[in-house]
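Colleague: Please take a close look at a single part of this model and describe how its elements are packed. I would then like to follow the chain outward from there, with each term explained where you use it.

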Amino acid sequence: MSSATVETRTGRQNPIGSFWRGFRTFRRTRPFWGGLLAMIAGVPILYFPYAHLALGSVTIAMSTTAGAGSLLIGVLLIALGIAGWFQQAVRVFAGIATILLTLVSIPMSNLAGFGLALLPGLIGGGLLVSWAPLPQPQAESAAAPAAEGGRGRRADAGKDAGDATATVAQSVATEVTAELPAQGAPQAAGPVAGAAVPKQAGAVDQEEAR
């Protein structure tokens, strides 16, 4: 059985494949990794000031007087990551704000969540600032025919200029050829006129002799 005789399957599409294609499109059309790292940086800053660690029968609370500041910084980092995903126009502002909030969290929130939020916050902010959308393929395909049309017009203009030059040269050659016989005509007329004069003088002498 050849490939031309194989019937197409009309069953349901693979939902996992459809989800992966949709996720890949979502990831490529926005600063995905920058927003994700910004949200990851907000989690430890938000968690540790309100966490309670139990070591056996001893409960350790790491909440400090800056708990409200840690809550605010963590929520803002998560919000900036989401804004970078769904509002690409504010990605530069979101990236700069993420870097500044990560640096501010070092003295205000347990050394940026015991250092767990420092690198994700700085790297995520840098990725948000540096991200740029991909060029549209339609614009490139439209620019290619325009460039080809421009080259064709230049070629036609060069051809027309060459034809005009050839026409001018041909007309000049025709005029020069026409002028050459006109300039040589008086020279040919001189001997003819001179030959006619002796004939008239000889005729007068014969008449007188008669």
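**The H4 and H6 pair and its surroundings**

Modeller: The axes of H4 and helix H6, the latter covering residues 118–130, come within 7 Å and cross at roughly 160°, where an axis is a line fitted to C-alpha atoms, for helices over the stretch in contact, and the angle runs from 0 to 180 degrees between N-to-C directions. H4 is therefore roughly antiparallel to H6, the term for angles over 145 degrees, as opposed to roughly parallel under 35, roughly perpendicular at 65 to 115 and oblique for the rest. The crossing of H4 and H6 is left-handed, meaning that the near helix is turned anticlockwise from the far one by less than a right angle.

This is a predicted model, in which local features need pLDDT of at least 70 and side-chain atom pairs count only at pLDDT 80 or more, whereas totals for chains, interfaces and linings use all residues. Residues are numbered from 1 along each chain as its sequence is written, and side-chain values use heavy atoms, with hydrogens and water left out.

On the H4 side of the pair, the residues in contact (heavy atoms within 4.5 Å) include Arg91, Gly95, Ile99, Thr102 and Ile106. Among their counterparts in H6 are Leu118, Gly121, Leu122, Gly125, Gly126 and Val129.

Between H4 (91–108) and helix H5 (110–114) there is a loop that holds Ser109. Ser109 counts as buried because its relative accessibility is 1%; buried means under 20% relative accessible area, exposed over 50% and partly exposed in between, with a 1.4 Å probe and protein chains only. Leaving out residues up to four places away in sequence, Ser109 touches Ile45, Pro49 and Ser70. With Ser70 there is also a side-chain to side-chain polar contact of 2.9 Å, that is, a pair of N or O atoms within 3.5 Å, in which, within protein, one must be able to donate a hydrogen and the other to accept it, and residues adjacent in sequence count only if both atoms are side-chain atoms.

Helix H5 contains Ala112, whose phi is near 55°, a positive value in a residue other than glycine. Phe114 is also found in H5, and this residue too is not a glycine yet has a positive phi, of about 55°. Their accessibility can be set side by side: Ala112 is buried, with a relative accessible area of 0%, while Phe114 counts as partly exposed at 48% relative accessibility.

Trp33, in helix H2 (residues 32–47), counts as partly exposed at 49% relative accessibility. Setting aside neighbours within four places in sequence, Trp33 is in contact with Arg27 and Leu127. The C-alpha atoms of Trp33 and Gly84 are separated by 9.8 Å, although these residues are 51 apart along the chain.

Toward the N terminus, helix H1 (residues 15–28) has 14 residues and reaches 20 Å from its first C-alpha to its last, close to the 20 Å expected at 1.5 Å a residue, a span calculated as 1.5 Å times one less than the number of residues. The N-terminal end of H1 is capped by Asn14, with a side-chain oxygen 3.2 Å from the backbone nitrogen of Ile16.

For the chain as a whole, there are 7 helices and 2 strands, which are DSSP runs numbered from the N terminus (H or I, at least four residues, for helices; E, at least two, for strands). From the N terminus on, the elements run α-α-β-β-α-α-α-α-α. Of the 210 residues in the chain, 22% are buried, and among contacts between residues at least 6 apart in sequence, 71% join residues at least 24 apart.
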